[in-house]
Amino acid sequence: MLQSILFSLMSFFLTEDSEGIQETFKIDNQASKIEWIGKKVTGQHNGSIQLSEGSFVFENNQLKGGSFTVDMNSMVCLDLEGSGKQKLEGHLKSDDFFGTEKFPTATLEITKAVPQGPGKYKVTGDLTIKGKTKIVKFNADFKQTDDKLTGTSKITIDRSEYDIKYGSGSFFDNLGDKTIYDDFELIVKVVANK
């Protein structure tokens, strides 16, 4: 009888220890910032886009997962003004590029996070753009102060994997200086609260 009770107690504590302490940090949309950079043969454009919601999950102070939704209609260009700015923003939201009327959001689901040192991770996730989901990998750095978490990352995305072909040398010949490179970058700074 005593042996049975001791075994039950040991099982309980081992289970508690193996599950660990989970903490969720919810994204502060206003404080978070995503900058995009798209390049072409003759130069580049840059702008911003907003998160609409998201959260990180930590277990025993280690990143375990997270999910994020991006408002694709919040996309703006920051290096142009006037009609040129409006034209580019409209084109990026059109079916030639991100088709935001039909696909108003993009999502990222963290599936794996491998620690690389204090606050540093190699992250793998499922990125969905225009209804297509592909695996992305990137490095991320985190700093925590009290109940606030700040995460920074640079993510390179190949737009051709999401069927965004406009101006791509991967799909069209003889584009010359009108070629737009397939890779674009996202520079991410995310602020989240416990």
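Q: How many aromatic pairs does a search of the whole structure find?
A: This is a predicted model, in which local features need pLDDT of at least 70, side-chain atom pairs count only at pLDDT 80 or more, and totals for chains, interfaces and linings use all residues. Residues are numbered from 1 along each chain as its sequence is written, and side-chain values use heavy atoms, with hydrogens and water left out. Rings of Phe, Tyr and Trp (its six-membered ring) pair if their centres lie within 6.5 Å, planes under 30 degrees apart counting as stacked, over 60 as edge-to-face and the rest as tilted. With this rule, the number of aromatic pairs found in the whole structure is six.

Q: Why is the pair of Phe56 and Phe142 stacked, tilted or edge-to-face?
A: The ring centres of Phe56 and Phe142 are 5.1 Å apart. Because their planes stand at 85°, the pair is edge-to-face.

Q: Which strands hold Phe56 and Phe142?
A: Strands (E, at least two residues) are DSSP runs, numbered from the N terminus. The pair links distant parts of the chain, 86 residues apart. Phe56 is in strand E3 (residues 43-59), and Phe142 is in strand E7 (residues 132-145).

Q: Is Phe56 buried or exposed?
A: Buried means under 20% relative accessible area, exposed over 50%, and partly exposed in between (1.4 Å probe, protein chains only). Because its relative accessibility is 5%, Phe56 counts as buried.

Q: Which residues form one aromatic cluster?
A: Phe56 and Phe142, already met as a pair, both belong to the cluster. Its members are Phe25, Phe56, Phe58, Phe68, Tyr121 and Phe142.

How values were computed: Helix = DSSP H or I, 4+ residues; strand = E, 2+ residues; numbered from the N terminus.
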